[in-house]
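This report describes selected side-chain interactions for a reader who is new to the structure. Please keep the sequence and the model in view while reading.

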Amino acid sequence: MTAEAHTIVVGAGIVGVSTAIWLRRAGVQVTLLDRDAPGQGTSYGNAGVLANCSMVPVTVPGLIRKGPRYALDPNFPLFLRWSYLPKLLPWLLRYLAHANDADTRRIAHGLTPIVGDGADQHKALSAGTGAADWVVESDYTFAYATRAAFDADSYVWDLRREAGFEPEILEGEAARDYEPNLGPAVDCLAVMKDHGFIRDPGGYVMALAEEFQRLGGTFRKADVRDFSFADGKVRAVETTTGAIPCTDVVLATGVWSKPLMKRLGLTIPLESERGYHVVYEGATGGPAMPIMVAAGKFVATPMAAGLRCAGVVEFGGLEAGPSAAPFALLRREVAKAFPRLQAKAEVEWQGHRPAPADSLPLIGQVGGTGVYVGFGHHHIGLTGGPKTGRLLAQLMTGQKPNLDMAPYDPARFAS
């Protein structure tokens, strides 16, 4: 990469902004593009947890047998818009094909280097910047109804232990002493040390984008429609505000990356994992640090605005608006877990998490085109964003990452 090189990063979420910062720190001229302000898309609405131990995919053994029952149970946090099923089915079949022990272990081994040191990566990214104030070191706790319910999750916890994540188990009074605001529906906690959370994910990414501009980077609002090539190399991005010349590009637009990847000749099996959250503004009676409530598959995180409860998975594509049932279930589960919770107001949000059929993100260059990609992190994008950005910056500046990049190669989807 020469001194005259000009990189365009498309997408101002956590992955794109992280990449842009690491490139600027390496002296690269960078323009960051997004159709909206930084941090206002998927990065805005996550649970805010720096979930180092979240390296086990959803597609664990047994999912094929249990999945139909989950989808039909109105009290299970998995929803499906049935009218969307014909479009979803090709992706779903590929997704479920990985629900076996060998693939689960392979995927977990691939995800561990991306998220396993997530809290440290966020601290390295934000140190000395205005974004650092949003980062909080904390435990990350998993709440179960009983010890038997925790033991029933032994497959997942064994994989976490193999990756170096050993929980501290608290039961009964010890669990209530640890978090007094948990209700009687919870009697067992698995506490993970050395994790963290972000007090305002949208504000955090915005602050990182401000740091990028302080470093000399440029941010522009524009919607990217296509790429221009010469001799097989990208030379410009075509946007709603005109063509912008470049020597290379980073595509970090989450689930919206799929149509642009088609322009590069790759059909990515990518779907929206539609996520929901409710912010209980000015809340009292909630947890002091992030808690994953296993029964409801949601995370409760104390944030600047109040308690954010995020979770639930719905498959229904990009076009449909929010559904009422996921919000209703989320509220019921929150009330069971935190019966003393009170709030001044409640704010709902629904967004789109990028879900490749093999549960591994795409990180690297598309052939020799000069187009690099960083997307497809499912529900662990916040945790893995800084590491992904650092890896891309290393690849683009001629450094060799101390990591086997093969699991993330976008060419794995080449026909």
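Helices (H or I, at least four residues) and strands (E, at least two) are DSSP runs, numbered from the N terminus. The model is a predicted one, in which local features need pLDDT of at least 70 and side-chain atom pairs count only at pLDDT 80 or more, while totals for chains, interfaces and linings use all residues. Residues are numbered from 1 along each chain as its sequence is written, and side-chain values use heavy atoms, with hydrogens and water left out.

**Salt bridges**

A salt bridge is a side-chain nitrogen of Lys or Arg within 4 Å of a carboxyl oxygen of Asp or Glu. The structure contains 23 of these salt bridges. Three of them are listed below with the distance between N and O.

| Salt bridge | N to O distance | Helix |
|---|---|---|
| Asp120 and Lys123 | 3.4 Å | H5 (residues 118-126) |
| Arg147 and Asp151 | 3.3 Å | H6 (residues 147-152) |
| Glu333 and Lys336 | 3.4 Å | H11 (residues 324-337) |

In helix H11, Glu333 and Lys336 are separated by about one helical turn because they stand 3 residues apart. Asp120 and Lys123 are likewise 3 residues apart in helix H5, about one helical turn. Arg147 and Asp151 are 4 residues apart in helix H6, about one turn of the helix.

Accessibility is described in three classes: buried means under 20% relative accessible area, exposed over 50%, and partly exposed in between (1.4 Å probe, protein chains only). Glu333 is buried at 8% relative accessible area, whereas its partner Lys336 is partly exposed at 47%. Both members of the pair in helix H6 are partly exposed, Arg147 with 33% and Asp151 with 39%. Lys123 is partly exposed as well, with a relative accessible area of 31%.

**A network and a neighbouring loop**

Salt bridges also link Arg81, Arg274 and Glu314 into a network. Two of these residues, Arg81 and Arg274, are in contact (heavy atoms within 4.5 Å) with Gly321, as is Gln350, when residues up to four places away in sequence are not counted. Gly321 lies in the loop between strand E16 (306-315) and H11, and this glycine is partly exposed at 36% relative accessible area. From Gly321 to Gln350 the separation is 29 residues in sequence and 8.2 Å in space, C-alpha to C-alpha.

**Cysteines**

A disulfide is a covalent bond between the sulfur atoms of two cysteines. With the criterion of two cysteine sulfur atoms within 2.5 Å, the structure holds 0 disulfides. For Cys53, the nearest cysteine sulfur is that of Cys188, 15 Å away. The sulfur of Cys309 is too far for a bond, because the closest cysteine sulfur, in Cys53, is 18 Å from it. Cys53 is buried at 0% relative accessibility, and Cys309 is also buried, with a relative accessible area of 0%.

**Aromatic rings**

Rings of Phe, Tyr and Trp (its six-membered ring) pair if their centres lie within 6.5 Å; planes under 30 degrees apart count as stacked, over 60 as edge-to-face and the rest as tilted. The whole structure has 8 aromatic pairs. One of them joins Tyr140 and Phe142 in a tilted arrangement, 4.8 Å centre to centre with 50 degrees between the planes. Another is formed by Phe150 and Trp157, which is tilted because the planes stand at 50 degrees, with ring centres 5.5 Å apart. Tyr140 and Phe142 are both buried, and so are Phe150 and Trp157. Together with Tyr144, these four residues belong to a cluster linked by ring pairs.
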